[in-house]
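Take a look at the protein below. This report starts with one residue and then widens the view.

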Amino acid sequence: DIRAVSPEELLSREPVAPDMALLARELGGKSVLVTGGGGSIGAALCRAVIAHAPAKLIIFEMSEFALYTIERELREYIDARGGRTQLICLLGSVLDKVAIGRAMAAHAPDIVYHAAAYKHVPLVEMNPIAGAENNIFGTLNVAQAALQQGAHKFVLISTDKAVRPTNVMGASKRVAELVLQAVASCASQPRTGDGTPRTRFSMVRFGNV
């Protein structure tokens, strides 16, 4: 017999429900920037963020159509609920160091979710230089801009293919992880009063990337 299989059946463990109170405290009233916010993962992040009423959501996206699509969707969401989130849509590439720096300086995000990347394995395999450049140097540009502007948190969306990579996409994301670790350990990073780094860098590997 053939039947539908739910994601929970594949976990081999009990699913962990989101802590909504924690998310509300983390995102509510904050300024949040999502790079690659028009892509499949970036757009899902934007939808999740907007549900917790941030003061400002900045979407940085290189595809005009993708940016237009997510902008229309989120504006309808905000209007339907009488929300007060300020939605800022910026067209640009993470490889443009000046543009990403300008975006950080203008909007001073508290939290940065870096989802902008080339993720399609066969396409990146056929375009290794473009894939590596975007995934590695794009990450470096966004991380350095976040550091310079004093963002409180920076989250890199990585992939399970970065584990012992067997393809260019996975290898480029593994290097991006190492880049982020290097930026996080930068001795010149501004510190808070108790000596902890002002910008907290972290990363998460998505299994479906």
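Start with Ala53, which sits in the loop between α2 (40–50) and β2 (56–61). The model is a predicted one. Is Ala53 buried or exposed? Ala53 is partly exposed, because its relative accessible area is 48%, and the partly exposed class runs between the 20% and 50% cut-offs.

Ala53 has partners from elsewhere in the sequence. Leaving aside residues up to four places away, Ala53 touches Leu27, Gly28, Gly29 and Thr85. Take Gly28 as an example. Ala53 and Gly28 are 25 residues apart along the chain, yet 5.1 Å separates their C-alpha atoms.

**A buried histidine**

Now move to His114. This residue lies in strand β4 (residues 111–114). His114 counts as buried because its relative accessibility is 1%, and buried means under 20%. Its side chain makes polar contacts with the side chains of two threonines. The table gives the distances.

| Side chain | Polar contact with side chain of | Distance |
|---|---|---|
| His114 | Thr35 | 2.7 Å |
| His114 | Thr139 | 3.1 Å |

The list of residues that His114 touches goes further. Not counting residues up to four places away in sequence, it includes Val94, Gly138 and Val142. Phe154, Val155, Leu156 and Ile157 are also touched by His114.

**The nonpolar cores**

Two of the residues that His114 touches, Val142 and Phe154, turn up again here. The largest nonpolar core has 25 residues. Within this core, Met104, Val112, Val142, Phe154 and Phe201 have the most contacts. Which elements each supply at least two of its residues? They are β2, α4 (97–107), α6, β5 and α7. The largest share comes from α6, with six residues. Another core lies apart from this one. That core has 21 residues, including Ile41, Leu45, Val49 and Ile59.

**Helix α7**

Helix α7 covers residues 168–184, which makes 17 residues. From first C-alpha to last, α7 reaches 24 Å, close to the 24 Å expected at 1.5 Å a residue. At the start of α7, a side-chain oxygen of Asn167 comes to within 3.4 Å of the backbone nitrogen of Met169.

Met169 is also one of the buried residues of α7. The others are Gly170, Ser172, Lys173, Ala176, Glu177, Val179, Leu180 and Val183. What covers the buried residues of α7? The cover includes two helices, α5 (121–126) and α6 (128–149), and two strands, β5 (153–159) and β6 (200–206).

**The whole protein**

Step back to the full chain. The secondary structure comes to seven helices and six strands. Along the sequence, they follow the pattern α-β-α-β-α-β-α-β-α-α-β-α-β. The protein is as compact as a globular protein of its length, because its radius of gyration is 18 Å, close to the 17 Å that the globule rule gives for 209 residues. The C-alpha trace spans about 60 × 40 × 40 Å along its principal axes.

How much of the protein is buried? Buried residues make up 41% of the 209. The accessible surface comes to about 11400 Å². Carbon and sulfur atoms account for 57% of that surface.

Finally, consider the contacts with a separation of 6 or more. Of these, 72% come from residues 24 or more positions apart. The pair Ala53 and Gly28, 25 residues apart, is one to look for in the view above.

Note on methods: Residues are numbered from 1 along each chain as its sequence is written. This is a predicted model: local features need pLDDT of at least 70, side-chain atom pairs count only at pLDDT 80 or more; totals for chains, interfaces and linings use all residues. Side-chain values use heavy atoms; hydrogens and water are left out. Helices (H or I, at least four residues) and strands (E, at least two) are DSSP runs, numbered from the N terminus. The expected span of a helix is 1.5 Å times one less than its number of residues. Buried means under 20% relative accessible area, exposed over 50%, partly exposed in between (1.4 Å probe, protein chains only). Contact means heavy atoms within 4.5 Å. A polar contact is a pair of N or O atoms within 3.5 Å; within protein, one must be able to donate a hydrogen and the other to accept it, and residues adjacent in sequence count only if both atoms are side-chain atoms. The radius of gyration is taken over C-alpha atoms; the globule rule is 2.2 Å times the number of residues to the power 0.38. Accessible areas come from the Shrake-Rupley method with a 1.4 Å probe; for residues, only the protein chains shown count as cover. A nonpolar core is a set of buried Ala, Val, Leu, Ile, Met, Phe, Trp, Tyr and Cys residues joined through side-chain atoms within 4.5 Å.
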